[in-house]
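Please open the model in your viewer and keep the sequence panel visible beside it. The stops below are arranged as a series of selections, each followed by what is to be found there.

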Amino acid sequence: MPKITFYNLPEDKREKLINAVKKEFSRVPLYDASISNIVKSARIPRGSFYQYFEDKEDAFFFLFNAIVINSTNTFGALLRKHNGDLFETMFEFYQFIIEEEENINFLKNAFLNMSYKIENTFSNVFRNSESKDNFREISPLIDTKNLNVSRDKELIHIMQIISTVTIRNVVEKFANDISKEEAMGNYKMDMTLLKDGLARKI
């Protein structure tokens, strides 16, 4: 998390620093990023960077968490739009991710250089491993009548499975540079298999 001095910055200077961080992490992945480029773009002394962030990973996850919070809000809004239909929500949410333009290069670098921490942070869109508050907000929006769940723990596991499938599809889209149409087709196939179940009914 950023240090208190970051939040005490005037809004214009804070936005300038955020834009410099986004610019660098949109150019290259986290571990190839240069603090020198960030401070040069933000026009601040190198020492000032460390007054605001612990290190470049701290800056990266500040920005990534902001994107995840926005995505969580979108996910909740889509659940309401689709009256709690989890699968219809996921179709549109996946489309939202791959069509996102403002942060597309940042997200591409993040997903193509996935670490456990990056994956776990993004998965918090669907369930928050550090706090149950997010799940308490999301779970009542999900219509569970057509889901094979009888308790919250099972719903949490379903959300973990769906988040894993979603992340894999995002990575495949970015890694292979496939069209949005093909990406949506692949995702719908995966989600339909999950929805219908993998075992043949006898």
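Select helix α2 and then the elements packed over its buried residues: the cover includes α1 (4-7), α3, α4, α5 and α7 (104-112). Helices here are DSSP runs of H or I with at least four residues, strands are runs of E with at least two, and both are numbered from the N terminus. Contact, the basis of this cover, means heavy atoms within 4.5 Å. The residues of α2 that are buried are L17, I18, A20, V21, K22, E24 and F25. Buried means under 20% relative accessible area, exposed means over 50%, and partly exposed lies in between, for a 1.4 Å probe and protein chains only.

The model is predicted; local features need pLDDT of at least 70 and side-chain atom pairs count only at pLDDT 80 or more, whereas totals for chains, interfaces and linings use all residues. Residues are numbered from 1 along each chain as its sequence is written, and side-chain values use heavy atoms, with hydrogens and water left out.

**Along α2**

Display the C-alpha trace of α2, which covers residues 11-27. Its 17 residues should span 24 Å at 1.5 Å a residue, and the end C-alpha atoms are indeed 24 Å apart. The expected span of a helix is 1.5 Å times one less than its number of residues.

Next, select K16, which belongs to helix α2. K16 has a relative accessible area of 39% and is therefore partly exposed. Beyond residues up to four places away in sequence, K16 touches S41, A42 and R43. If K145 is added to the selection, the C-alpha atoms of K16 and K145 are found to be separated by 48 Å, with their positions 129 residues apart along the chain.

**Two loops with positive phi**

Move from K16 to its contact R43, which sits in the loop between α3 (35-42) and α4 (46-52). R43 is not a glycine, yet its phi is positive, at about 60°. Most residues other than glycine have a negative phi. Is R43 buried or exposed? Its relative accessibility is 71%, so R43 counts as exposed.

Now select N83, in the loop between α5 (56-81) and α6 (86-99). The phi of N83 is also positive, near 50°, in a residue other than glycine. With 66% relative accessibility, N83 counts as exposed.

**Annotated spans**

Colour residues 11-71, where UniProt places the feature "domain: HTH tetR-type" in an unreviewed entry. This span is 79% helix and 0% strand, and its end C-alpha atoms lie 23 Å apart. Then colour residues 34-53, listed by UniProt as "DNA-binding region", again in an unreviewed entry. Residues 34-53 are 75% helix and 0% strand, with end C-alpha atoms 14 Å apart. The UniProt positions are given in the numbering used here, the feature names are shortened, and annotations may be inferred rather than shown by experiment.

**F64 and the cavity**

Centre the view on F64 in helix α5. F64 is buried because its relative accessible area is 0%. Which residues does F64 contact, apart from neighbours within four places in sequence? They are F106, L107, A110, I118, T121 and F122. The C-alpha atoms of F64 and K22 are 9.4 Å apart, although the two residues are 42 places apart along the chain.

Next, select P29, L30, Y31, F60, N109, A110, N113 and I118, which line the largest cavity. A cavity is a set of points, on a 1 Å grid over the protein atoms alone, where a 1.4 Å probe fits but cannot get out; lining residues have an atom within 4 Å of a point. The volume of this cavity is about 40 Å³, and a search of the whole structure finds 1 cavity of 30 Å³ or more.

**Helix α10 and the whole chain**

Select α10, residues 152-176: its 25 residues reach 36 Å from the first C-alpha to the last, close to the 36 Å expected. Its buried residues include L155, M159, I162 and F174. Just after α10, D177 takes a positive phi of about 50°.

Finally, zoom out to the full chain, which has 11 helices and 0 strands. Of its 202 residues, 44% count as buried. The C-alpha atoms fill a box of roughly 70 × 35 × 25 Å, taken along the principal axes.

Notes
On a 1 Å grid over the protein atoms alone, a cavity is a set of points where a 1.4 Å probe fits but cannot get out, and a pocket is an open set with protein on both sides within 12 Å along at least five of seven lines; lining residues have an atom within 4 Å of a point. Grid points are joined across faces, edges and corners, and a volume is the space filled by probe spheres set on the points.
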